[in-house]
Amino acid sequence: NWVELSDDVSDVERRRLLALGFAAAAVTANDGVLQALPLMVPVWNEIMSDTGASLVDRLDDDEDDGAAYGHSEVMVAENERRRRLLLADPVHKLDARREFARCMKESEALNGADRFHAVLAQIDARDLEDFRNQLS
């Protein structure tokens with residue numbers, strides 16, 4: 001149900017946390033979870049596209065947002081507050097690409113190459129290609 005409802009989560013930080021939760025859940029031999037993998041991979045792709053490896057990296061892009069609107073002092077203080085929060089939260093610093101790759105490797109080791117590749121065959125080819133490209 002989480003995977004099917006993941007589109008309802010609009011906040012990038014919460015979507016990222018949800019995607020990392022999906023990755024952790026994918027390290028299983030449970031058929032029910034593995035059947036959801038084709039729905040998880042597009043979410044992972046989106047998170048990697050939107051946030052890169054870490055949400056901490058996004059703060060550098062937001063540095064000058066306040067100046068364009070005449071709120072530079074407020075935005076500088078807000079950006080500093082955001083930076084401190086992100087740096088204090090391990091999930092934001094966690095390298096999503098590395099975590100997704102690690103979980104997929106662990107799932108393959110747990111399930112065996114044949115079974116794991118059968119699951120991968122259920123994933124849309126474009127989504128799987130995008131996933132592999134983002135990991136490299």
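This passage looks at two helices of a predicted model, a cluster of aromatic rings and a nearby loop residue.

A good place to begin is helix H9, which runs over residues 96-111. Its 16 residues reach 22 Å from the first C-alpha to the last, close to the 22 Å expected at 1.5 Å a residue. Seven positions can be picked out in the structure as buried: Ala96, Glu99, Phe100, Cys103, Met104, Ser107 and Asn111. These residues cover an arc of only 130 degrees around the axis, which puts them on the same side of H9. Arg98, Lys105 and Ala109, by contrast, are exposed on the other side of the helix. The buried residues of H9 pack against several helices, namely H2 (12-25), H3 (31-35), H4, H10 (113-120) and H11 (125-135).

Both ends of H9 have a detail worth a look. At the start, a side-chain oxygen of Asp95 comes to within 3.1 Å of the backbone nitrogen of Arg97. After the helix comes Gly112, with a positive phi near 85 degrees.

Helix H4 is one of the partners of H9. The 15 residues of H4 (residues 37-51) should span 21 Å at 1.5 Å a residue, and the end C-alpha atoms are indeed 21 Å apart, which agrees. Among the buried residues of H4 are Leu37, Met40, Val41, Trp44, Ile47 and Met48.

Trp44 leads to the aromatic rings, where the structure holds two pairs. In one of them, Trp44 and Phe100 are stacked, with 5.2 Å from centre to centre and 20 degrees between the planes. Because Trp44 lies in helix H4 and Phe100 in helix H9, this pair ties together parts that are 56 residues apart in sequence. Trp44 has 0% relative accessibility and so counts as buried; Phe100, with a relative accessible area of 0%, is buried too. The rings of Trp44 and Phe131 have centres 5.6 Å apart and planes at 40 degrees, so this pair is tilted. Since Phe131 belongs to helix H11 and Trp44 to H4, the link here joins parts 87 residues apart in sequence. Phe131 is buried, as is Trp44. Taken together, Trp44, Phe100 and Phe131 make up one aromatic cluster.

Finally, the loop between H2 and H3 contains Thr28. Thr28 has a relative accessible area of 16% and is therefore buried. Leaving aside residues up to four places away in sequence, Thr28 touches Val33, Leu34, Ser107, Leu110 and Asn111. Two of these contacts, Ser107 and Asn111, are among the buried residues of H9, which brings the description back to the helix where it began.

Conventions:
Residues numbered from 1 in each chain as written. Predicted model: local features only at pLDDT ≥ 70, side-chain atom pairs only at ≥ 80, totals over all residues. Heavy atoms only, no water. Helix = DSSP H or I, 4+ residues; strand = E, 2+ residues; numbered from the N terminus. Expected span 1.5 Å × (residues − 1). Buried < 20%, exposed > 50% of the residue type's maximum accessible area, 1.4 Å probe, protein only. Arc of directions from axis to C-beta. Contact = heavy atoms within 4.5 Å. Polar contact = N/O pair within 3.5 Å; in protein donor to acceptor, adjacent residues only side chain to side chain. Phe/Tyr/Trp six-rings, centres within 6.5 Å; stacked < 30°, edge-to-face > 60°.
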